[in-house]
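Dear colleague,

Please find below the structure I am handing over to you, with its sequence. My notes on its charged side chains follow.

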Amino acid sequence: MDIRKKPATKWKIPLYKVHVEKDDVKIVSKVIKRGAYWAIGPEIEEFENKLANYIGTNFCVTFNSGTSAGHAALIAAGIKQNDQIIVPSFTFISTANWVKMVNAKLKFCDIEEETLGIDPNHIKKNISKQTKVIMPVHYAGLPCQINEIAKIAKSKKILLIEDAAEAIGATVNNKKVGTFGDLAIFSFAGNKVLTTGEGGAITTNSKKIYEKLKLIRSHGRLDTHNYFSSIEKPNYISLGYNWRMSSITAAIGISQLSKINKLIMLRRKKANYLSTRLEKFEHIKLHKEPKGFTHAYQLYSIRLSSKNERDRMIEFLAQKGIMSKVFFHPIHKSKFYQNDKNNYSKNLQTTEFVSNTILSLPMFPDLKLEEMKYMIDSISEFFEISK
């Protein structure tokens with residue numbers, strides 16, 4: 001088979017599918033049928049309370065996306081123009097864009113190869129007097145070396161904001177991500193472990209930050225009553241945005257959260273099946289969890305021996321109708337950041353090496369046995385042809 005042929009027009013196995021049950025439909029239908037409070041409905045606070053309880057924090061504020069949540073987090077943290085924020089380049093671009101959105105200074109830091117998270121040793125080298133925030137990312141559902149990073153942040157009195165967009169439910173020694181930093185950002189986009197289609201949240205133990213976040217997400221308005229059912233004069237006390245989550249979205253979140261342990265268990269079961277069969281291929285390096293770490297497997301990522309081999313595998317699997325995708329290309333290599341006057345490409349060798357060899361395969365709770373067998377057989381065929 002010519003591995004340079006065009007990919008299939010329809011995916012036999014997509015990268016992800018949303019797990020839907022009757023209770024998801026029922027709870028959304030209930031909100032729709034009542035014909036009111038589709039915004040600022042009771043589901044918002046219920047979802048926030050249940051999410052905070054699940055993560056293990058005092059407070060939670062929901063948003064209409066993980067991106068708006070991250071933007072709001074930096075505003076609430078009081079980040080100013082000359083403040084520096086340390087982030088990895090190996091992440092979704094919004095992590096870096098949040099820094100730009102508040103006109104702060106972006107400092108990319110290299111990653112380590114065990115968890116593919118930001119390297120604590122490189123963080124130490126990159127801290128300056130201007131550093132106000134360290135923002136590590138829990139890649140693909142696996143916690144980064146967050147305990148070591150938290151120690152650095154505490155010793156330097158620097159704010160620690162976890163980008164946990166991909167890792168709800170992941171743990172280190174039974175402690176959930178989202179509880180190690182001052183704030184944590186979650187995303188509920190369509191491919192996430194817990195999805196509401198679009199949506200996000202911030203968890204924190206700070207009441208002060210919690211109150212700021214509520215103002216930021218809703219026009220800077222201090223609400224004592226539901227805006228849409230109150231005749232009181234609104235009290236606008238700060239600059240704010242319209243970043244609220246809808247009641248319908250929150251209802252889906254409540255339903256999905258009620259079965260999150262099941263969703264993670266199914267992902268882990270599928271990942272284990274794939275790993276036990278892929279480890280026989282000498283050109284594949286698996287993304288394993290360190291001792292005491294629990295991987296939520298939002299993504300199932302493998303590493304190939306070279307960029308050329310990785311790229312050829314993407315094309316070959318596409319011909320087979322199997323979708324695969326690179327998560328992530330380095331942010332500092334994107335056109336936008338390449339055109340920036342700042343030089344972001346120093347000392348990011350591990351980031352570039354990993355990004356050139358990483359590949360995410362299909363992973364979702366309802367992945368069928370025959371689909372996984374087809375994936376393994378196709379990968380085996382690829383290596384046979386490549387000999």
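Asp-340 is a buried residue, with a relative accessibility of 15%. Please bear in mind that the model is a predicted one. Asp-340 takes part in a salt bridge with Lys-100, in which the closest N and O atoms are 2.3 Å apart. This pair connects distant parts of the chain, 240 residues apart: Asp-340 belongs to the loop between α11 (335–338) and α12 (349–357), and Lys-100 to helix α4 (residues 94–101). Lys-100 counts as partly exposed, at 26% relative accessibility.

In total, the count comes to 18 salt bridges. Two further pairs lie within helices.

In helix α2 (residues 42–55), Lys-50 and Glu-46 are four residues apart, about one turn of the helix. Their side chains meet in a salt bridge with an N to O distance of 2.9 Å. Lys-50 is partly exposed at 40% relative accessibility, and Glu-46 is partly exposed with a relative accessible area of 34%.

Helix α10 (residues 307–319) holds the pair Asp-311 and Lys-307; because these residues are four apart in the helix, about one helical turn separates them. The salt bridge between their side chains has an N to O distance of 2.8 Å. Asp-311 counts as partly exposed, with 24% relative accessibility, and Lys-307 is likewise partly exposed, with 41%. Elsewhere, a single network arises from salt bridges that share partners, joining Glu-21, Asp-23, Asp-24, Lys-259 and Lys-262.

Which side chain of opposite charge is nearest to the buried Glu-162? It is Lys-175, at 7.5 Å, and Glu-162 has no salt bridge. The cut-off for a salt bridge is 4 Å between a side-chain nitrogen and a carboxyl oxygen. Glu-162 is located in strand β5 (residues 159–163). A polar atom of its side chain lies 3.3 Å from the backbone nitrogen of Thr-179.

Finally, there is a positive patch on the surface, made up of Lys-80, Lys-132, Lys-208 and Lys-212. Of these, Lys-132 lies in strand β4, which spans residues 131–134. With a relative accessible area of 38%, Lys-132 is partly exposed; patch members must have over 30% relative accessible area and no salt bridge. Lys-132 therefore passes the accessibility cut-off for a patch, its value being 38%.

With kind regards

Notes. Residues numbered from 1 in each chain as written. Predicted model: local features only at pLDDT ≥ 70, side-chain atom pairs only at ≥ 80, totals over all residues. Heavy atoms only, no water. Patch = residues over 30% accessible without salt bridge, like charges linked within 9 Å, V, L, I, M, F, W, Y side chains within 5 Å. Areas by Shrake-Rupley, 256 points an atom, 1.4 Å probe, with all protein chains shown as cover. Lys, Arg positive; Asp, Glu negative; His and termini not counted. Charge placed at Lys NZ, Arg CZ, Asp CG, Glu CD. Helix = DSSP H or I, 4+ residues; strand = E, 2+ residues; numbered from the N terminus. Buried < 20%, exposed > 50% of the residue type's maximum accessible area, 1.4 Å probe, protein only. Polar contact = N/O pair within 3.5 Å; in protein donor to acceptor, adjacent residues only side chain to side chain.
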